[in-house]
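Biologist: I'd like to go through the labels on this model one by one. Can we start with the empty space inside and then move on to the charges?

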Amino acid sequence: MRGRLHYITRPILVLSVVSLFNDMASEMLYPIMPLFLESIGFSILLIGILEGVAEMTSGLSKGYFGQLSDIRQKRLPFVHLGYALSTIAKPLFTFFTAPVWIFFVRTVDRFGKGIRTAPRDAMLSDNTTAEYKGRVFGFHRSMDTFGAVLGPLAALLFLYFYPADYNTLFLLAFIPGCIAVLFTFRLKEEKRKPKEQKVHFFSYFTYLRTTDTNSPKANDAFKKLLLGLCVFALVNSSDVLLLLKMRETGIDEKWIIGIYIFYNLVYALSALPMGILADKMGLKPVFITGLFIFGLVYSGFIFSDSRSLFFILFFLYGLYAAMTEGIAKAWISNVVPASETGTAIGLYTALSSIGAFIASSLAGWLWFAFGSAATFGLSASMMLPLMLWFSFLRSGRKT
């Protein structure tokens, strides 16, 4: 491929299109999932437990399947299986309403995400060079997030004409999911010799002891980077709390969904430009700037009480996401050997999921005990020390 987007090779483009359609399917259901669960008798407590179990399953499995893809030196089978499981799970919600069944289906959906995430990201890294890591991961995040714009819009349009017809919406979400799965069969990968290494489900946690023993500096760089990212995960609670803050101030639900779509649109439009900027300026300064914006946004949520201010804050929040989520994975892929990218990203995403679960639980308790200002204030106050920490880290290859 020639021209200005020559770095978007065919595998990268196909993986990005797959993510777009899969996220469209998932985000069609995101705004209505709590409403659906309540309609079949789930309490708020049970919904919280369900989401916690599902996300922990996804998080822990990311590390295992990332490491397994490194050992087998294959990424594609995990991409096929992961997207297929998530797609199959969506229409299954319509068949039974027993809590055990709902827990099973939701867990299968998130397990699919755990299977595919690290191998897919490693595949993105395998198909580019250090020079273009920022823009490649940015392009992928942009396409993925466009799906998060199209999905809720499609759901809102459908529910406008067919209010509360959740079962049909679950069936409709199966369509873009199937398109995503079909596109995965347009991918190919080179055959590589597998490693002779045995693993169990939690063996990826030992990666910090074994990684790149021939290069102590690279090993140390990854450990320090991972530590900073994990601390950030511990103070970066669920975006649901941002939506709840708007509801607390009396914003209408339609505006809440609209602002959420606006945030995803800003994120989608900004991810590639931020990736290009990171490749030119360095991944580290762009990531640190993203943390600064995060601190501004969370500080703003302490005092915000108007719809217009929430629009401004979510605009900035979209920029923060574009400057950190894909950039973090690109940074990791630049400080570890190419043959260990799946394990390294898998370990990071697994620990991030665990950190997010702890962060959301802590944030909920702070909100309950001391009010929303305490929740947002704690997260905002941690940004300065984190920015200082990241500023002293080794940048990696051309980052």
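Modeller: Sure: H14 gives the lining of the largest cavity its largest share, four residues. This is a predicted model, where local features need pLDDT of at least 70 and side-chain atom pairs count only at pLDDT 80 or more, while totals for chains, interfaces and linings use all residues. Numbering runs from 1 along each chain as its sequence is written, and side-chain values use heavy atoms, with hydrogens and water left out.

Biologist: What makes something a cavity here?

Modeller: On a 1 Å grid over the protein atoms alone, it's a set of points where a 1.4 Å probe fits but cannot get out; lining residues have an atom within 4 Å of a point. Points are joined across faces, edges and corners, and the volume is the space filled by probe spheres set on them. Three cavities of 30 Å³ or more turn up, and the largest has about 70 Å³. Helix H14 (341–370) and helix H15 (372–381) each supply at least two residues of its lining; helices are DSSP runs of H or I, at least four residues, numbered from the N terminus.

Biologist: Why is Gln73 called buried?

Modeller: Buried means under 20% relative accessible area, exposed over 50%, partly exposed in between, with a 1.4 Å probe and protein chains only. Gln73 has 9% relative accessibility, so it counts as buried. Its phi is near 55°, a positive value in a residue other than glycine. Most residues other than glycine have a negative phi.

Biologist: And why does Tyr160 count as exposed?

Modeller: Tyr160 has 65% relative accessibility, so exposed is the label. Tyr160 lies in helix H6 (residues 133–161).

Biologist: How do you know that Asp126 and Arg75 form a salt bridge?

Modeller: The rule asks for a side-chain nitrogen of Lys or Arg within 4 Å of a carboxyl oxygen of Asp or Glu. For Asp126 and Arg75 the closest N and O atoms are 3.1 Å apart, and the pair forms a salt bridge. Asp126 sits in helix H5 (residues 99–126) and Arg75 in the loop between H3 and H4, so the pair ties together parts 51 residues apart in sequence. Arg75 is buried, at 1%, whereas Asp126, at 29%, counts as partly exposed.

Biologist: Which residues are linked with them in a network?

Modeller: Asp70, Arg75, Asp126 and Arg192 are linked in a network of salt bridges. The structure holds 13 salt bridges. One of them joins Asp279 and Arg135, with closest N and O atoms 2.7 Å apart.

Definitions and conventions. On a 1 Å grid over the protein atoms alone, a cavity is a set of points where a 1.4 Å probe fits but cannot get out, and a pocket is an open set with protein on both sides within 12 Å along at least five of seven lines; lining residues have an atom within 4 Å of a point.
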